[in-house]
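Here are a few exercises to help you find your way around a structure you haven't met before. Try each task on your own before reading its solution.

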Amino acid sequence: MSAMRIRNRLLAGLVLTAALLAGTTTPVAAAPLVLTSGHVDVIDVDYAAGALTVNVLDGTGPTDVERNPADVLFRVPNTAKVSVPGGSSWAFLGTGGQAWVLPQSNTAGLLWAGWNTTEVPTGVFQNNRVTFKLTGVSGPAGFSIYTVSGGAPSVLFDSGNGLPDSLNVNRNTHAHANWGFDAAGTYAVTFEVTGKLAATGSTVTSGPKTFTFEVLP
């Protein structure tokens, strides 16, 4: 082995040792926190100090905790699988007559998923509201959010008919809906929250926030 090659190996070893001692090696990403049941506001909106922010409000434990969406995995078990009702109004949901749904009502063993704008101050945004935008869905099939009244669905978001989809949400709102997944697999669902400032008319945004759902067969 040449002296040059030996010297290069020694230098590489010294650089690696120095990096380890200095703590400059690339950290290993922490595994996401898996949420499986209980109350969770998937889209938790806040406005403070000129910034519009979106977090996950984890209410599955004894104390509510705000979490970064990137640190959370929402698990949808096979007990969420339902038969889709007949009729054209339900055509947006499911494949082969089945879908996985996190329901609008609190149901044991499933996540009770919703959103809130209770930390948005009054008078900040025009009409005292912000806009939720579903900008992207990556997954094995379609994703939707809908409510049901009198047996009839009202679709709020549906990736199957083109994106983006938008919903105006008043400040001080805390709401729940049905979160539907058309097939088992992993979904990356991206929302952005925007608002027009009452004082200037300019638009502020949370930027895109991606939420990951694992739907079990």
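The exercises below cover confidence, two sheets and a pocket.

This is a predicted model, where local features need pLDDT of at least 70, side-chain atom pairs count only at pLDDT 80 or more, and totals for chains, interfaces and linings use all residues. Residues are numbered from 1 along each chain as its sequence is written, and side-chain values use heavy atoms, with hydrogens and water left out.

**Exercise 1.** Find the average pLDDT of the protein chain, then check residues 1-22.

*Solution.* Start with the term: pLDDT is the predictor's confidence in each residue, from 0 to 100. The protein chain averages 90, and 87% of the residues score at least 70. Now look at residues 1-22: their pLDDT is below 50, and beyond near neighbours in sequence this stretch has 5 contacts in the model (heavy atoms within 4.5 Å).

**Exercise 2.** Work out the strand order of the open sheet that contains S2, and name its edges.

*Solution.* Strands here are DSSP runs (E, at least two residues), numbered from the N terminus, and two of them pair if DSSP finds at least two bridges between them. Reading across, you get S4-S3-S2-S8-S13, 5 strands with mixed pairing. Strand S4 (65-67) and strand S13 (174-176) each have a single partner strand, so one side of each has no neighbour in the sheet. Next, zoom in on S2 (38-48) and S3 (51-59): they pair in the antiparallel sense over 8 bridges. Tyr-47 has Leu-52 in S3 as its bridge partner.

**Exercise 3.** Do likewise for the open sheet that contains S7.

*Solution.* The order is S6-S7-S14-S10-S11, again 5 strands, with antiparallel pairing. Strand S6 (81-83) and strand S11 (152-158) are the edges; each has a single partner strand, so one side of each is left without a neighbour in the sheet. Inside the sheet, S7 (98-102) and S14 (178-181) pair in the antiparallel sense over 3 bridges. Look there for Trp-100, which stands opposite Phe-181 in S14.

**Exercise 4.** Which strands each supply at least two residues of the lining of the largest pocket, and how does that lining split by class?

*Solution.* First, the strands: S9 (129-138) and S15 (185-196) each supply at least two lining residues. Then list some names: the lining includes Gln-126, Arg-129, Asn-168, Lys-196 and Thr-203. Finally, sort by class: the lining has 1 nonpolar, 7 polar and 2 charged residues. In this count, Ala, Val, Leu, Ile, Met, Phe, Trp, Tyr, Cys and Pro are nonpolar, Asp, Glu, Lys and Arg are charged, and the others, Gly among them, are polar. A pocket is an open set of points on a 1 Å grid over the protein atoms alone, where a 1.4 Å probe fits, with protein on both sides within 12 Å along at least five of seven lines; lining residues have an atom within 4 Å of a point.

Notes. Helices (H or I, at least four residues) and strands (E, at least two) are DSSP runs, numbered from the N terminus.
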